[in-house]
Every structure is written in structure tokens, then in C-alpha cells.
Amino acid sequence: MKLFHIICEDEITCLDELQFNGKEYFSCEYNKKRGKMFEIGVKVNAASEVIVKQFNNRVLSLDYDADMDIWYQKKTQWIEKGFKRRSDGIFGFNVGGSFEVEALDETGNLLDSVHVNITPGTMSIEEYKSMQHEVRRLFEIFSYDLTDNKFEENNVLSRVQLPMFPLQTFHLIVQEVAALVNELVERPEVELQTVVKKINVKDVRKWTPSIIIENALKQQEKVVALVSEQVTDIKENKMLKNIIEQFLERTISELIAEKSQLKLFQEEIEELKIMISQENSSVVEKPKQLLIVLNNDCLVLQQRIEQWSSLKVTLDELLELPMLQVESEQLEDTHLFRMHTYYSRIYDLFMQYENLTPELTDTFRMFIQVLLKSPTLYEVWVLLKIIQQLSQWGVNPREFIDDIENKYVKPNTHSISGYRKQFRLMDKPYDIGIYYDFTFNFFEKEYRPDFMIGFYNKSKKKWAFHTLDVKYKNYSAMKNGKKEFNKDLKKSAFRYLTELFPNKDYLHSATLVHLDPLGGHWNVKPNLSEKIITQHKLAHFVFSPINGKNLQIYLKRLLHEGSGYANCCPNCGQEKQGEILNYKVINRNKRSWKTIYKCDECKELWVANFCSDCSFNNRNPLTDYENNIRYNYPRPLFKYPTHNYNVQVGDEWEVHCPTCNCLSYPERPYTFNDDEYKGPNVQYHTKKSNVRYV
């Protein structure tokens, strides 16, 4: 069975074969050439029916085109209210996920089958595979018992307090298994198998009537006979191949994840270097300390990546051995694995490897496999990445895993739809709530944002919520991308701000997350209605396996700007005492100052400053009391050494004010350009003449 790209018009045109990795096919939605959209066609011999399954459920039966000898989905058309309609879901065109294509004979028996993954059209196959690896890996990481001694200090990075797989122990296991396999190559275990083979008549040991007749008729000195041969195609070698494949899958998964983390660290290092070069005051003390931490973590990752890469070469070479050119089978207890010197030792080593992995039930692992084939894989990945980031602030990923086990795995569902959870944080001034694909009902209307993230203020007993909606789109590559973006922004962000939680000040922001690397704006102010959108209410950003830093920026923005926890560290979430500088009493009802916050544990620095122009003109004021006198102060402008959402100027640590479209402390003439999709940009007209202090 083979799968091809096809174009269905009056006639079917068969194009190239889909990408095949030896086990499964890959394609993507909305694939086209010269304006013509691709579908998927199936070529298979002697089939009476070809069907498509998802989650073991039959979802489609393909039609046969005799002229092209190919099976395809015939589009259904009908007339409705005077307009021509057609089926919405077209296999290989606009239907994503993982599918099983099966060919059946006349009696309904399976002739052949193949697996095909159809990725979002805005994501490469490499990104899709990377996302699958990371989803599986994050479920495992969240399941670990972090008190286990296998997670000693060298398996946890300083900057990101999540465990890494115990590489040194795994490396020793793989090296010993490789040595044992090479010993088996030299002294292989064999078994006798009876095979049909053409042999010389002189070698026939048992003459049967069929052999006598064939020899008499053909007189070719060779006949077809049953012979016994020694073969290495034994059950244990099939299981051994499965062990090596599991080792390789682990290696590839960890290698992808650690390379991705290294890339994020290196990007942060470059930002830090720029900030440090622009300041010579004491404010750079923490950034310099953070730079040392990041460099040390990078060194650890680089060394680990070298080891993982070396292991991958070893495992690839093992799988090329003639002895392992067999179909793999699941491991089970056999005589050789109990009694044979080499096989029994390999079995013991594999059990040691199993002890390094989390204790997920077989049912849970099957649930993960279902999610990996789901058309909502990207949303699941975003959910897990949110949990991963929030674990830095105290969210317990194990609670999340227990919820998934009880609410979705045990009931045997195929999704995580409707998830909600309030994570109670004992040492923080807030709790965190997470909703995924959850339906809210107000005035007989239903609202279902993809995500809602909430911060519950324990002292005020009040929630601050933020919606995040997923869009599988690359707007910049679309013909009417800007129009489509504004449509999505209105429906999946602005609508929530104006209609969700009516008459209550609960929803503080609404954001789109998408797959367009050219688009991103943390402070969109479109003219959607007469309702005034204050700063940082609407936003959109790109987030994908190769564009991974924006989620961290987004959550930091929710913590400080969106929910009002200015004094909490953006890395660990702990409250810190700020240092107030330049405090000024402008008049009886007006104050001005800046606050510098530092976290000694994380080496973090952040500054809450005020725009002087907004302060003078009372724009967007907040209020407080001093000696029973009410006074006003402007909304703070936050700036960080790295990962800023307020616009930074290219050649100095300066922040643009989104309220008045000015710089907080402009020193030189500049030009400000704001694009609601690509974001704002600030450029000075002259070079910087001296160093400015914070």
C-alpha cells in the first residue's frame, strides 16, 4: 500500500508519494501547488474496500477510480437553499490528526494497512514530530517523584527547576547492552526453522512423492523441498530490537528537548549581554549573576547533548546489525531471558532502565498515544507548556497528572476537554486557576475559550482571569491574512472581554496564540468598537517548537501587568521587597517614584517605572493613600533585562509607554511606528552619547 498526493478535478491527477519514514506517512493540511489543493490517494493491489480509521473508529470509506487505479475521497455535493454545498472534511486537505488506512478483501479481512499523520498546514513535519516527542516527555516529567535520589543536583538545571533524565545511568546501561549485543553477534543464538527451498537433488534427505514427480518431469538437478536451517530470526532478537528502539526513542526525545532548552538559554544570554553593555550602574549586578548561571547551565546542556548524540550513533549502529533485521516484538519473559548469560543480563539492564522512567499505567500510556494522534495535539502541547512554566511558581504538575488520570484516563476519553483546576499555592499571595476547553454559560450564551488562566488574590478574595485562544494559522502567508486576523481577534479575544463575566471586573486580558513567526503584539488597540481598550488588554503572539520563548513572556505579563503582582519574582513567583527610588511629592494629590525588585535566589531583576508624561497629565491613574490623603500615580511600566513585553529601544534599556505612545524618559529625537499585527518599533534619529542610569 502506498499513499500519494492527488488533485481531484474532472479527472484525478496522481503526483508524488507522501513522505515516508519506513513506518508511517506524513502530510499536512492545505497543501497546494500552483493554487491547486492536494488530497490523498491510496494505491493498493486486490482490495475490495479501503477505509480510514481514527482511534479505532471507522470515519471514512474511500471510492475507487478505475482509470487511475487509485482510492480517494469522493466529495459529496448537494443543493441547499439554492446554493451548492459540499462535504467539509476532505481526507488529506482540511482534516488533521493521525489516521490508519486499511485495505480489506471481499470478506472484510485486512489485506494491508498504513499509518498517516496529517499535520497543521502552518507547521513543518519536523516541528510536528518534535511536538509529539515533547508531549510524551512532559507527561513523564510531570509524573516523576522529584524526591527520588535519581534526581540529584546534576540532573536539575539552575535556571529551570525541572528534572532532566538521569543521563549518566542511562549511558552506562546503553554501553553495557551494546557490548552484550556485539557478543551475541559473535556467538548468536539460533533455532531450526523449516523453509521451502530449491536444492540440488544430491542434497535431498527425504524423498516425497511431490519431489519424485518434480524431478522426473523437469530433470533440472534441482527440486523444491522442505529443509531445516539455522536462523537468528528468533523471538528474543525481536524483543531485543524493541529494547534498542525504546532506548533510541528516549535518546531522540531528550536530545530534542535539551537542544530546544539550550537555544532558549542562548537567546536569553544574548539579550542579557546587550542589557549589561548598556548600563554601568549597580543595577547590572543581578543580570551579571544571571549570566553566570545561564552560561553554566548551557555548559551542562552542551555536554549532555554531546553524550546524547553519541548514544544515538551507538543505537543506530546496533539497529543496522543483520541479527536485528527482524520485526520487533513486545518484551516478555522467556527461557533465554531467564537463563542465557547475555540475554538475561540485557533483560536485567532493561529493568534498570524501566526504573528510571515514571510509573505510568499502561492505560495512561495508551491515552498519551491517543493524544499524540489527535487533531488537537497543538492545544495539548500548549497546555503542558503552560503547566511546565507555572510549575516554576509552585503549581504541582503531579496534581495535574492525577486529575488527568481520574477525570480522563480512567473514563476512557480521547481528549482533555473541559479541564479545570485551582492550584492552591501555600507560599504565594495568589492561587492559580487553569481552564482548558471549558464552557462558560452567561445569559443563555455559551463561551468556550481554549484556555483561561486565573490568579486568585488571597487577601482580596478576587480573581483576575485571562483568556488565551489558539489559532492554527500563519496570517502573513494568507492572501487576506490581516482581515482574517482582525476577524479572529474580534471573535476569540475582544468578544470575551466585552461579554464574558458581564458586570464583573474579572477578565483582565484576552490573547491569541498562533503559528505565524512574523506576527506578535503585546498591546493591540484595534478600532473594534466604541469600547475603550486600555493597555495590555488584547495581544497575540507566536508559539511553536521553534519559537518557544513567548509563552514565558506572556505569563510574566499576566503576573505583573495583568494581575497586579508587581512584587513577585517572574521566575519563582515569590514575593520580594522592592527598593523605592526617586520618590517625589509632585503636589498634594500626586506622587512619582520607581521601584527596583531583585530576587537573590533566581538572580532576577525587574523595575516598575512610570511614564513622566502620563504622570504629569494624569493618564490612566491608579490611587493610594498616604496619611489619609488620597493621591494619584500612573500605571507602572515594567522592564526586564530579557523577555520584555513593553517595547524596548534597540540601543539602550529604555521602555516605550503604550498609553501615550512616548518613551518613558526620551533623551533624543525618535520615530515610533505601531503595526497592530507586527508590533511597534522605536528608532532613535541620533546615536547615544552617554550611558543613562535606571
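N582 lies in strand β27 of this predicted model. Its phi is near 55 degrees, a positive value in a residue other than glycine. Most residues other than glycine have a negative phi. N582 counts as partly exposed, because its relative accessibility is 47%. H643 also has a positive phi of about 55 degrees, although H643 is not a glycine. H643 sits in the loop between β32 (637-639) and β33 (656-657). With a relative accessible area of 4%, H643 is buried.

A further loop residue is Q73, found between β11 (70-72) and β12 (77-80). Q73 has a relative accessible area of 9% and is therefore buried, the limit being under 20%. In sequence, Q73 and I40 are 33 residues apart. In space, the C-alpha atoms of Q73 and I40 are 8.1 Å apart.

The protein chain as a whole contains 13 helices and 36 strands. Of its 694 residues, 50% count as buried. Contacts across the sequence were also examined. Among those between residues at least 6 apart, 64% join residues at least 24 apart.

The largest nonpolar core holds 128 residues. Within this core, F139, F247, Y378, F400 and I416 touch the most other members. Helix α4 (residues 235-278) provides the largest share of the core, with 13 residues. A second, separate core has 23 residues, including A493, L497, L538 and Y677. In the largest core, the surroundings of I416 can be listed in detail. Leaving aside residues up to four places away in sequence, I416 touches F139, F367, L371 and V380. I416 also touches L383, I404, Y408 and Y436.

Aromatic pairs number 45 in a search of the whole structure. One of them joins W381 and F543. The ring centres of W381 and F543 are 4.7 Å apart and their planes lie at 20 degrees, so the pair is stacked. This pair links distant parts of the chain, its two residues being 162 residues apart. W381 belongs to helix α9 (residues 377-390). F543 belongs to the loop between β26 (538-542) and α12 (550-562). Both partners fall under the 20% limit for burial. W381 counts as buried because its relative accessibility is 1%. F543 likewise counts as buried, at 1% relative accessibility.

Ring pairs also build a cluster. Its members are Y435, F438, F440, F442, Y456, W463, F465, F501 and Y506. Two lysines have their charged ends over aromatic rings. The charged end of K421 sits over the ring of F423, 5.8 Å from the ring centre. For K556, the charged end sits over the ring of Y640, 4.0 Å from the ring centre.

The second largest pocket encloses about 1200 Å³ of space. Its lining comprises 39 residues, of which K460, S563, G564, L622 and Y633 are the closest to the pocket centre. Several elements each supply at least two residues of this lining. Among them are β22 (451-457), β23 (462-470), β27 (579-587) and helix α12. Strands β28 (590-599), β30 (621-626) and β31 (629-634) also do so. β28 gives the most to the lining, with four residues. Strand β27, which contributes to this pocket, is also the strand that holds N582.

Enclosed space was examined as well. There are four cavities of 30 Å³ or more. The largest cavity has a volume of about 630 Å³. It is lined by 37 residues, and V160, Q261, L264, Q388 and Q389 lie nearest its centre. The elements that give two or more residues to this lining are α1 (125-143), α4, α9 and α12. α4 gives the most, with eight residues.

Some elements recur across these features. Helix α4 supplies the largest share of the largest nonpolar core and gives the most to the lining of the largest cavity. Helix α9 carries W381 of the stacked pair and lines part of the largest cavity. Helix α12 contributes to the lining of the second largest pocket and to that of the largest cavity.

Methods. Residues are numbered from 1 along each chain as its sequence is written. This is a predicted model: local features need pLDDT of at least 70, side-chain atom pairs count only at pLDDT 80 or more; totals for chains, interfaces and linings use all residues. Side-chain values use heavy atoms; hydrogens and water are left out. A nonpolar core is a set of buried Ala, Val, Leu, Ile, Met, Phe, Trp, Tyr and Cys residues joined through side-chain atoms within 4.5 Å. Buried means under 20% relative accessible area, exposed over 50%, partly exposed in between (1.4 Å probe, protein chains only). Contact means heavy atoms within 4.5 Å. Rings of Phe, Tyr and Trp (its six-membered ring) pair if their centres lie within 6.5 Å; planes under 30 degrees apart count as stacked, over 60 as edge-to-face and the rest as tilted. A charge sits over a ring if NZ of Lys or CZ of Arg is within 6 Å of the ring centre and within 35 degrees of the ring normal. On a 1 Å grid over the protein atoms alone, a cavity is a set of points where a 1.4 Å probe fits but cannot get out, and a pocket is an open set with protein on both sides within 12 Å along at least five of seven lines; lining residues have an atom within 4 Å of a point. Grid points are joined across faces, edges and corners, and a volume is the space filled by probe spheres set on the points.
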